[in-house]
Amino acid sequence: MLKKFKNWYKNVFGSRREVVREETMDVKNHRVEIHDVTYFVAKALFTDIPEMIEIERAVYAGQAPWDSTAFANELRREKDRLYLVIRKNDKLLAFIGSTFDERNRDAHITNIAVLPEYQGKGLGRFLLKIMIKKARKLNYKTVSLEVRVSNKSAQRLYRDLQFEQTGVKRGYYFGDHEDAADMVLYLNENEDEAAAEADEQDQNTEPQTREQN
């Protein structure tokens, strides 16, 4: 009897969970207004990869922490990865990527980048809030990320969105071996209220990018 109940519960509620997850990970192409400017938001495609790499190079003085293979491997994992891009006049200006870990109920920001000339215009904040909203819809516990300890502007933005620093990864970044600050947003009712308040505030700092380990 217990086994039958477990199977029934899994079939009913497991399938519902899968439906919610599929709906959450599905993003339709659409226009958005950010600080009174119209942009186009879409899921990242394989054809976007060259432009995503160019954004990284623009942010990192010619260096691209991720190559085309790394991005392609991420985009293939549609069930637990979500990558979004922002365009204006068909030019890719910013992107974000996240893993959605069902076991740990954590959405981990793997990569976020905004063209330098478009930083301070709310694009990074907008993309982060999309991922936070989706994590809440999935009833996740946390949204997590790593950020360079020297990237104070990004850290200010994350703290403004109620992220907290939880630790430091020594020598985390490839190349210069800079330390990374671990930051976590705990998703609960208090954070929901704080997020609603943050929606009403203008933010003039943007993150650059964060490499994946």
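1. A quick term first: a crossing of two helices is left-handed if the near helix is turned anticlockwise from the far one by less than a right angle, and right-handed if clockwise. By that rule, α2 and α3 cross in the right-handed sense. Bear in mind as you look around that this is a predicted model.

2. Now for the pair itself. Helix α2 covers residues 49-59 and helix α3 covers residues 68-76; their axes sit 10 Å apart, at an angle of about 125 degrees. Because of that angle, α2 counts as oblique to α3.

3. Who touches whom here? On the α2 side you'll find Ile49, Met52, Ile53 and Glu56, and they meet Ser68, Phe71, Ala72 and Leu75 of α3. Sorted by character, the residues of this contact come out as six nonpolar, one polar and one charged.

4. Next, the sheet. It is open and mixed in its pairing, with eight strands in the order β1-β2-β3-β4-β5-β6-β8-β7. At the edges are β1 (30-34) and β7 (164-169), each of which pairs on one side only. From one strand to the next, the twist averages 30 degrees.

5. Have a look at β5 (residues 106-114) and β6 (residues 142-148) too: they pair in the parallel sense, over three bridges. Within this stretch, Asp106 stands opposite Thr142 in β6. Helix α3 turns up again at the sheet, where it packs against β3 (81-88), β4 (91-101) and β5, its direction making about 115 degrees with that of β3.

6. Finally, helix α5 (residues 152-160) lies across β5, β6, β7 and β8 (180-186). Relative to β6, α5 runs at about 165 degrees.

Notes. Residues numbered from 1 in each chain as written. Predicted model: local features only at pLDDT ≥ 70, side-chain atom pairs only at ≥ 80, totals over all residues. Heavy atoms only, no water. Axes fitted to C-alpha atoms, helices over the stretch in contact; angles between N-to-C directions. Helix = DSSP H or I, 4+ residues; strand = E, 2+ residues; numbered from the N terminus. Parallel < 35°, antiparallel > 145°, perpendicular 65-115°, else oblique. Contact = heavy atoms within 4.5 Å. Nonpolar A, V, L, I, M, F, W, Y, C, P; charged D, E, K, R; others polar. Pairing = 2+ DSSP bridges.
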